[in-house]
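Open your viewer, get the chain and its ligand on screen, and keep the selection box handy. We'll hop from one spot to the next.

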Amino acid sequence: MVLGRILRSFSSNIGIDLGTANTAVFLEGKGIVLYEPSIVAIDTKTGRVLAVGKEAKEMVGKTPENIQAIRPLRDGVITDFEVTQVMLTYFIKRVIGHSILRPKPITVIGVPTGITPVEKRAVIDAAKSAGAREVYLIAEPMAAAIGAGLPVEEPIGNMIVDIGGGTTDIAVISLAGIVISNSLRVAGDEMNEAIIQYIKRKMNLLIGEQTAEKIKIELGSALMEEEEIEMEIRGRDMTGLPRTIVITNHMVTEAIEDTVSSIVNAVRTALERTPPELASDIADRGIVLAGGGSLLRNLDKRIEMDTGIKCTYADEPLTAVARGLGKVLENIELIRRISME
Ligand SMILES: Nc1ncnc2c1ncn2[C@@H]1O[C@H](COP(=O)(O)OP(=O)(O)OP(=O)(O)O)[C@@H](O)[C@H]1O
Ligand SMILES: [Mg+2]
């Protein structure tokens, strides 16, 4: 008893939002202690890991041939198991330290609702080999809803839409369960890709992922804006020479329109499938948006226009999932109730 209590006081359980774009780690009793890009830089000649997280991101697109910056998760799922393991181990160790005396942490990990059994296994194995004791998987939209402070345990319909880098997770939650969910492997990164393709097709210019993201954040809008905003960008033309062009917010809106409309349509589909009583709660209470992709200008207004339902943002949309996992850690009963098989 006493020993158990002493050991527990040393133990700091953790919540991990293993995102396609960013990983956030919540340490019990401390809050969010780590928030870094989900990227690992590897020396392809020696196989050595050179950098993880922020440091590795700075190497993307600027790396010499023998350095490869790998994003081990794509579309919200693990595409490179070994590299994910390296990354998780690095982040977990950085958060909990290396002490062998410290008990291994209970770890809750947010995953997309559309995750397959094989992918689940891969996430659990990666966390265990990184030093976790018990691992629980929690659907990301459930964690986001808890992080956003929604009354998920009450008999009320709550709708959360988490638009990340790789996945858009839409869920209707009531009585601590997900009643309706829709997981789309289309989100913020797809907008970047659409911008890259648009500029290549219309302007014969090649740009990298980071430039595309910058363009999206500065000029992107889910609705055609009246005012025109311009931005100068540099890329390479087809002959390989650097060239500067001017693009506008209107072009970017056009470029990302297909992506935006697939996200909005997925929200509509989820609403159509929602049982009437819960749908009427959602109509009263509105839809809550979370995730970095939801920060695209006017996306809230666009969803409101197309669904007729008011949209609001979770506080700090980028960390809603991790903060939700943090709240879940305080309640082991709740973890067991809402975790996936
Ligand atoms: N201000 C902004 N406007 C538009 N998009 C943004 C903004 N800030 C961040 N993003 C986009 O948000 C995405 C990352 O969001 P987030 O960190 O929630 O994803 P993630 O949790 O890592 O991914 P997933 O949940 O799909 O696994 C990126 O595509 C990024 O470009
Ligand atoms: Mg996410």
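Start by selecting ligand 1 and the residues around it. Helix α7 makes the largest contribution to this shell, with three residues. Helices here are DSSP runs of H or I at least four residues long, strands are runs of E at least two long, and both are numbered from the N terminus. The elements that supply two or more residues each are α6 (188-203) and α7 (209-219). The whole shell has 22 residues, and the closest are Gly-19, Ala-21, Gly-164, Gly-188 and Gly-292. To be in the shell, a residue needs its C-beta atom, placed from the backbone, within 6 Å of the ligand.

Before you go on, two notes about what is on your screen. This is a predicted model, in which local features need pLDDT of at least 70 and side-chain atom pairs count only at pLDDT 80 or more, while totals for chains, interfaces and linings use all residues. Residues are numbered from 1 along each chain as its sequence is written, and chains are lettered from A and ligands numbered from 1 in the order in which they are written.

Now color the shell by class. You should get six nonpolar, 13 polar and three charged residues. The nonpolar class is Ala, Val, Leu, Ile, Met, Phe, Trp, Tyr, Cys and Pro, the charged class is Asp, Glu, Lys and Arg, and the others, Gly among them, are polar.

**The two domains**

Next, give each domain its own color: domain 1 is 10-142 + 321-338, and domain 2 is 156-313. These bounds come from an automatic or database domain assignment. Where does ligand 1 sit relative to them? Both domains give residues to its shell, so the ligand lies between them.

Put a distance marker between the C-alpha centres of the two domains and you get 25 Å. Where they meet, 19 residues of domain 1 are in contact with 21 residues of domain 2; contact means C-beta atoms, placed from the backbone, within 7 Å. On the domain 1 side, select β7 (73-74), α5 (140-147) and α12 (332-338), the elements that give two or more residues each. The largest share, three residues, is from α5. By class, that side has nine nonpolar, six polar and four charged residues.

**Zoom out**

Show the whole protein chain as a cartoon and you'll find twelve helices and 18 strands. The C-alpha trace spans about 70 × 60 × 30 Å along its principal axes. Of the 341 residues, 45% are buried. Buried means 20 or more other C-beta atoms within 10 Å of a residue's own, exposed means 12 or fewer, and partly exposed is in between, with C-beta atoms placed from the backbone.

**Into the core**

Which residues have the most contacts inside the largest nonpolar core? Select Met-142, Ile-160 and Ile-195; the core itself has 95 residues. Such a core is a set of buried Ala, Val, Leu, Ile, Met, Phe, Trp, Tyr and Cys residues joined through C-beta atoms within 7 Å. Helix α8 gives the most to it, nine residues, and each of the two domains supplies at least three.

Stay on Ile-195 for a moment. Skipping residues up to four places away in sequence, it touches Ala-212, Ile-215, Lys-216, Val-252, Ala-255 and Ile-256.

Then click Ile-263, in helix α8 (residues 249-273). Is Ile-263 buried or exposed? It is buried, because 27 other C-beta atoms lie within 10 Å. Its contacts beyond four places in sequence are Ile-163, Thr-168, Leu-184 and Val-186.

For a well-covered helix, select α11 (residues 320-329): nine of its ten residues are buried. Among them are Ala-320, Arg-323 and Leu-329.

**Two last stops**

Go to Asp-281 in helix α9 (residues 276-285). Asp-281 has 19 other C-beta atoms within 10 Å, so it is partly exposed. Asp-281 contacts Ile-156 and Gly-157, leaving aside neighbours within four places in sequence. Asn-158 is 123 residues away from Asp-281 in sequence, yet the C-alpha atoms are 7.3 Å apart.

Finish at Glu-153, in the loop between α5 and β11 (158-163). Glu-153 is partly exposed, because it has 15 C-beta neighbours inside 10 Å. Look for Leu-175 and Ala-176 too: Glu-153 touches both, not counting residues up to four places away in sequence.

Technical notes: Contact = placed C-beta atoms within 7 Å.
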